[in-house]
Amino acid sequence: MTYDNPTAEAFDLWQDIIGVEAGSSSYTMGTAHHRGEFERLREALELDPTEITANLLLGYYARKHFRDTHVTQAELLADTDSILALLEKPRRLLALLERPEIVERRDLFISSVARALEMYDAADRDDVKELLANHDSMAFLRRDALRSMEKLSVHQFLDGDPEPAEVRPVYYRFVHQWFNVNSMLDAVARQAPGVSLNLIRDPNDYQSYFCFAVRNGGRVFVLSDVPENAHPMQPMLSRRPDREMDRRVAQNWFPYDLMGLAYNEENGQLYFDRSEQKALVVGQSEALPLKPISKLGAPETVWTAMMFGLIVDRFWRKGHTEKALSYTAEMIRVEDKMLTAATKSGLPVKGYAKIDAKPLAREEIMHPDEETAKAFGPRKSFDNLWLEERYGHLVSEESLNVIASPERQHRLALATGEISDSRTPHTEFRFSSDSRVVNTVKVEKLPSTFFGSKEKIEADRLFVARYNYAVQVNALARNEYEKRKGEIVDWYRAKVDANAETLKSWVGDYVLWVPAKGDHARFTGRGYHPNGEQRLRSFAFPWELSNTYERSNNLGFGSHSIGGWDSRGALCAVNETKATYAFTFCPANAKELAVVAGCAEDDLPDVLRHYNIDVGYGGNHLLDRLDPAEWAIDDPWAGLDMRVGIFLSKRGFAKLCANSVRPPYWVEHGVEAETRQDWRKW
């Protein structure tokens with residue numbers, strides 16, 4: 001076969017040598033690792049059209065394969081010619097990988113990195129020289145640098161004319177530390193045109209990040225590994241933030257040790273060593289030099305030099321610009337912040353558009369239009385909508401517009417509407433006997449350090465406002481619940497007692513199944529799936545009192561029972577002898593509450609007319625952007641245990657079963673399970 005491209009020939013030779021074709025779905029235990037090699041080679045060709053990286057990586061894989069391939073003397077003596085013939089393709093492959101044009105490109109690349117390292121006074125370090133001479137390590141570092149240029153988020157904060165062609169960019173020699181990205185952007189506008197490496201600290205260590213700050217004339221860019229959260233609340237909700245940090249560490253060669261990042265070998269988790277950390281500051285006018293780049297580890301130093309070169313190539317020589325400007329949340333309050341900084345520094349900025357975000361009104365958060373609702377995320381359930389209509393008008397409008405630096409803590413007094421502002425987190429201790437009434441709620445701010453496109457900033461602002469709205473609705477609902485809970489429970493139990501004879505007439509030696517909308521919940525009785533798709537729950541069922549486990553599951557401390565108690569335990573509701581069985585009703589919605597209480601649905605107290613504990617899965621807000629009204633509002637009335645148990649002796653149970661009738665509600669809505677379960681074997 002004739003090849004126009006030597007690299008294509010090298011790839012074909014490699015597949016022949018290892019006996020595996022790229023794209024094949026058939027691998028053995030001994031060849032499975034080649035799948036990853038093919039993927040990395042394909043990625044290298046996409047990242048680097050010069051083919052230097054792909055050739056270097058293929059050379060590494062080939063030499064490793066050759067080292068791991070063994071031929072015994074017996075095999076060599078038995079078939080010398082065939083063994084020697086097998087070496088023809090490896091020799092040809094190595095010749096292709098070491099062809100003059102590739103060696104020349106490789107040497108030019110390494111020389112350019114060495115020259116860049118001289119700018120940091122790092123080129124003479126023995127460990128750096130050793131790394132530069134190791135072509136295999138340089139292959140992976142080059143791949144990683146090219147990958148970082150593709151993966152790092154890019155944001156442009158100013159646009160204008162670039163520097164004249166004769167102006168050379170400055171490579172700043174220190175890693176700088178900042179506690180506020182707004183301060184860094186102000187400083188970048190003042191500094192000489194060039195590239196700097198910065199660590200942006202956050203009060204939440206796992207939200208800290210590294211970035212390259214770039215200024216070319218009137219253009220200001222930031223390339224960062226800033227965490228990509230599904231929504232603004234995710235950092236405070238995440239149970240394992242170290243996983244996201246671990247992913248970021250694996251993707252880039254930033255000097256993460258400067259964060260104080262350490263590894264716990266016992267549990268395999270990353271954590272932050274706070275022994276040398278100092279207090280955070282809100283703002284700063286000058287950068288805090290953290291460490292010379294020349295003093296970083298050899299891989300980090302060389303990778304940083306590569307990154308600086310790639311950044312200059314993209315943002316100077318190629319003149320890259322983003323399609324739209326980015327903003328920080330601070331620029332909602334101070335709209336001309338970047339423009340002022342640029343004007344003071346005399347930067348040639350043009351066409352700067354302010355973010356122009358108006359204060360949010362309660363009505364647009366409570367009753368969002370289609371575009372606003374998109375910012376909140378999807379909502380699958382509207383069971384709590386009645387709570388929003390009941391309390392939404394009481395939500396503080398000021399709480400929907402809080403923008404502050406990350407370390408600020410805010411609380412809203414529900415009675416007065418006043419919002420406190422402190423650097424100290426609120427702590428509150430309650431005894432079990434204390435009132436559960438909520439007097440204050442935490443108000444989440446949109447951190448002034450958040451940045452992104454105008455659309456992202458606005459979407460995050462709306463999301464935070466919706467969350468604060470939901471938290472207040474939740475607190476107000478809880479407060480009414482605490483005040484009226486006793487009244488509602490007394491009403492319900494009185495109605496159940498008055499309806500006891502009807503309930504006893506429904507007792508039978510059977511389980512009354514009804515369709516279930518959601519997964520099995522705490523008070524919805526037994527769950528049953530007679531086939532792969534159908535979901536059922538037990539509206540009513542009998543069970544044995546002797547089973548302690550079943551007793552704790554089927555009747556809780558808050559549930560109501562029909563039948564007495566004495567020193568023997570539960571007493572039969574028919575003959576007042578010791579009870580052996582119980583028959584439990586598990587109302588899961590307002591209609592079923594009315595059935596058990598023996599009243600019309602409209603006669604239920606107002607707060608019970610929306611009762612529903614049979615709800616479907618709404619998604620995972622820890623991972624996905626979901627409407628906070630879906631997960632930050634809990635109907636407190638759904639926490640009431642409305643189950644009713646009738647205690648029965650064996651004779652009492654048999655007597656009721658003999659005259660049992662099915663509840664009209666079940667006749668209309670119930671389901672005869674395809675496979676009848678024997679409740680005695682539960």
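Which residues in H7 meet which residues in H9? In this predicted model, Arg-106, Phe-109, Ile-110 and Val-113 of helix H7 are in contact with His-135, Met-138 and Arg-142 of helix H9. The axes of H7 and H9 come within 12 Å, crossing at roughly 75°. H7 is therefore roughly perpendicular to H9. When sorted by class, the residues of this contact comprise 4 nonpolar, 1 polar and 2 charged.

The model also contains an open sheet of 6 strands, arranged in the order S1-S5-S4-S3-S2-S8 with mixed pairing. The edges are occupied by strand S1 (153–158) and strand S8 (288–292); each has a single partner strand, so one side of each lacks a neighbour in the sheet. From one strand to the next, the twist averages 30°. Within the sheet, strand S3 (residues 194–200) and strand S4 (residues 209–216) run antiparallel and are joined by 7 bridges. In this pairing, Ser-196 is placed opposite Ala-213 of S4.

Helix H13 (residues 298–317) lies across five strands of the sheet, namely S1, strand S2 (170–178), S3, S4 and strand S5 (219–224). The helix runs at about 40° to S4.

H13 also contributes to the largest pocket, where its 9 residues are the most given to the lining. This pocket holds about 1,000 Å³ of space. Its lining consists of 39 residues, and those closest to the centre are Gly-309, Leu-310, Val-312, Asp-313 and Arg-317. At least two lining residues are supplied by each of helix H2 (33–47), helix H7 (100–118), helix H9 (135–151) and H13. H7 and H9, whose axes cross at roughly 75°, thus both recur in the description of this pocket. By class, the lining of the largest pocket has 21 nonpolar, 12 charged and 6 polar residues.

The second largest pocket encloses about 820 Å³ of space. Of the 32 residues that line the second largest pocket, Gln-207, Asn-229, Pro-235, Pro-447 and Phe-450 lie nearest its centre. Two or more residues of this lining come from each of S1, helix H11 (234–237) and helix H19 (454–498). S1, an edge strand of the sheet, is among the elements that contribute to the second largest pocket. The class composition of this lining is 15 nonpolar, 8 polar and 9 charged residues.

Technical notes. Residues are numbered from 1 along each chain as its sequence is written. This is a predicted model: local features need pLDDT of at least 70, side-chain atom pairs count only at pLDDT 80 or more; totals for chains, interfaces and linings use all residues. Side-chain values use heavy atoms; hydrogens and water are left out. Two strands pair if DSSP finds at least two bridges between them. Helices (H or I, at least four residues) and strands (E, at least two) are DSSP runs, numbered from the N terminus. Axes are lines fitted to C-alpha atoms, for helices over the stretch in contact, and angles run from 0 to 180 degrees between N-to-C directions. Contact means heavy atoms within 4.5 Å. On a 1 Å grid over the protein atoms alone, a cavity is a set of points where a 1.4 Å probe fits but cannot get out, and a pocket is an open set with protein on both sides within 12 Å along at least five of seven lines; lining residues have an atom within 4 Å of a point. Grid points are joined across faces, edges and corners, and a volume is the space filled by probe spheres set on the points. Ala, Val, Leu, Ile, Met, Phe, Trp, Tyr, Cys and Pro count as nonpolar, Asp, Glu, Lys and Arg as charged, and the others, Gly among them, as polar. Angles under 35 degrees count as roughly parallel, over 145 as roughly antiparallel, 65 to 115 as roughly perpendicular and the rest as oblique.
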